[in-house]
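Grab your favourite viewer and work through a few exercises on side-chain contacts. Each has a task and a step-by-step solution.

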Amino acid sequence: MSQFNVTGMSCAACSARVERAVKGVEGVSQCSVNLLTNTLTVEGTAAEKDIINAVKKAGYGIKAPKADGDGKQESLEDKETGRLLLRLVASLVLSGIIMYIAMGHMASLPQIALLEESSVINAAVQMIIALAVMLINRKFFINGAKGVINRSPDMDTLVALGSGASFLWSAAVLVMMLKAHSEGNADLVMHYRHNLYFESAAMILALITLGKMLESKSKGRTTTALKALMDLKPRTARLLKDGVEVGVNAAEVKKGDIFILRPGDSVPVDGVVLEGESAINESSLTGESIPVDKTAGDKVSAATMNQSGYLKCEATAVGEDTTISQIIKMVSDAAAGKAPIAKAADKVAGVFVPVVMLIAAVTCVVWLLCGRELGFALARGISVLVISCPCALGLATPVAIMVGNGVGAKRGVLFKTAEAIEKAGRIKTVALDKTGTVTKGEPEVTDIIPADGVTEGELVRLAYNIEKHSEHPLARAVVAYGEGADVQSVAVTDFEALTGKGLKARLGEENAYGGNCTYISSVCAIPDDITEKAAAFSKQGKTVLYFAKENELAGIIAVADTIKESSRTAVERLHRMGIKTVMLTGDNEDTAKEIARQAGIDGVIAGVLPDGKEKVIRELKKKSRTAMVGDGINDAPALTSADLGVAIGAGTDVAVDAADVVLVKSDLEAVCDMIHIGRKTLRNIHENLFWAFIYNIIGIPLAAGVWIPVFGWELNPMFGAAAMSLSSFCVVMNALRLNLIKFKK
């Protein structure tokens, strides 16, 4: 997939024209243009020069982003607002003057004697000022002419036609005024003066420029989250070369380089700690405000902040391979993409301008056939041209996608595509992998049952000392519990691991044993009450470890993969959102049902392997839109098959190919946030499309004068221009409301 920055686009008709031009290039399989970010995304085997030539031939500028990613930031820089502001100030001042000259006498305002006495001079001055405004805003006319030449008229064409028609009509009236003046017909001169539209020609341009400036400023706000992510990328690094610390540009760091982190330093690249201890603030990536302790062997990620100690690290990923760069790419790609819901708007936008021009022409003809003057008929046609707004249609979807995507990034929810955001808003069933998703993925001690005559402390001390020499995952759970309880170590000799059975060793002067029921029962007798409790633990999905000292049972310790603290509250929240939950696992049914009971999950499908999960997902999809939530590796088939694949707890490994959405945090609450953001964004898109369509459905008939015979409602071209200038601004501002999304627990 390749991305390009396109310049010169002003509305959805422009983006549709660029898409048509690029789709015609041999080797292009798919392409989309984002009006908000001015980006062109192309998939296929087409040569870059052919794509560039096609866009230039369509009348637009184009360039490929820089390889280092700066091109993305460049495309988001607001270069237009300042230029538009200068144009706006000059246009408003001159338009204000022409309005005063043309209409000041109606409000009994003081007038310049010469202009008041001579209608011809008054009209000539208006024409000169209107010409100045048109010269300042010549971009509308240049781009509009290009659109006509390329047989793809756009919004600039509508504006140029509206303003140009007003000016040309007024210029013709001025000629007739001069003729009447030369004939000494003062009444006819005054009659013609009331048919001048020079003020409309100027004010249309001023008001459209105002709307463009407001739109440009608002669009800049929608890209705030993406710009903030880009600003997180560190600029400098402290490398260790020949024992000396050297400050370099972060872009110069290579894989394998040794870099130093002092308190307050931003981590320049992804790496692994070689020496030292410190706390790293990873909130920029995970959203977690509590710093994470780091020591030798731990990973550090670019754009996080070292808070306390000194760390010596080795670079493991640099440049575009770092975690922060991958996150930026995901957010940027999603923003540059196009959601399926945008297709309807695109189809309308592609034919919108020609249809509006036809409606304007028909309007003029109809009014002339009805016996109205040419000036009146022309005013109605001009009103139709300037009130019609394809921009609102083009911006309705991308602005909402951009803002929703930014909100998600702040919450650690990374949507890979615009389509993923839309799909998230439509999910009705969530299928959850068990290990590492609902549960912690690491065994923990859950129950300690000492035998008669043995204290709990004695049992834990025995288990800790014999298990600390084992590498088994269950042994690590016992050791972790013992370390947390500050258990005293004793000398261990003659340690031996018996495969499939357990362990034996000497603790001081005593023989000690640990293992399964079969092994320990060969060493000592196991009381019935212990056997009953062990059986109950097994039904709950727990693994029971037996321990003995000499020839007497010391007790049992139950170990299990426990659910995360947030899993139950997250599932409850999903239920409140109307989402059905299903857990898929390869574990036995008893264990799965117990975990599901603890988490409050609706259904359980146990004993399924990765390919079996994929088949289950296909069945679930037949009933409702389904999201699969897993770790993104062994769940890849199911993630790919689901309507929406979600990789949870990716942390620093955000490049999970099989998933549509990556959740940085290993927390099911993020799944709730994902669906909530998707729903809010989808609703916002519907609102934007509604207002964009309804604006034109109501505005065009009003401008055409449909209601004049019924209610006497007549729209002045200037008010039409004002309405058009505000439509896109309102759509963008509505999308910005997504920044106010509230997340309930």
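Here are some exercises on rings, charges and salt bridges.

Before you start: this is a predicted model, where local features need pLDDT of at least 70, side-chain atom pairs count only at pLDDT 80 or more, and totals for chains, interfaces and linings use all residues. Residues are numbered from 1 along each chain as its sequence is written, and side-chain values use heavy atoms, with hydrogens and water left out.

**Exercise 1. Classify the aromatic pair of Phe 167 and Phe 198.**

Step 1: get the rule straight. Rings of Phe, Tyr and Trp (its six-membered ring) pair if their centres lie within 6.5 Å; planes under 30 degrees apart are stacked, over 60 edge-to-face, the rest tilted. That rule gives 4 aromatic pairs.

Step 2: apply it. Phe 167 and Phe 198 sit 5.5 Å centre to centre with 65 degrees between the planes, which makes the pair edge-to-face.

Step 3: place the rings. Phe 167 belongs to helix H8 (residues 155-182) and Phe 198 to helix H10 (residues 198-222), 31 residues apart; helices here are DSSP runs of H or I with at least four residues, strands are E runs of at least two, and both are numbered from the N terminus.

Step 4: check the cover. Buried means under 20% relative accessible area, exposed over 50%, partly exposed in between (1.4 Å probe, protein chains only). Phe 167 is buried at 10%, and Phe 198 is buried at 0%.

**Exercise 2. Find which ring Arg 411 sits over.**

Step 1: the test asks for NZ of Lys or CZ of Arg within 6 Å of the ring centre and within 35 degrees of the ring normal.

Step 2: the charged end of Arg 411 passes over Phe 743, 4.0 Å from the ring centre. Arg 87 does likewise over the face of Phe 140, at 5.2 Å.

**Exercise 3. Work out why the salt bridge of Glu 282 and Lys 294 ties together separate parts of the sequence.**

Step 1: a salt bridge puts a side-chain nitrogen of Lys or Arg within 4 Å of a carboxyl oxygen of Asp or Glu. The whole structure has 25 of them.

Step 2: in this one, the closest N and O atoms of Glu 282 and Lys 294 are 3.0 Å apart.

Step 3: Glu 282 is in the loop between strand S9 (278-281) and helix H12 (283-286), while Lys 294 is in strand S10 (residues 292-294), so the bridge joins parts 12 residues apart in sequence.

Step 4: Glu 282 is buried at 14%, and Lys 294 is buried at 11%.
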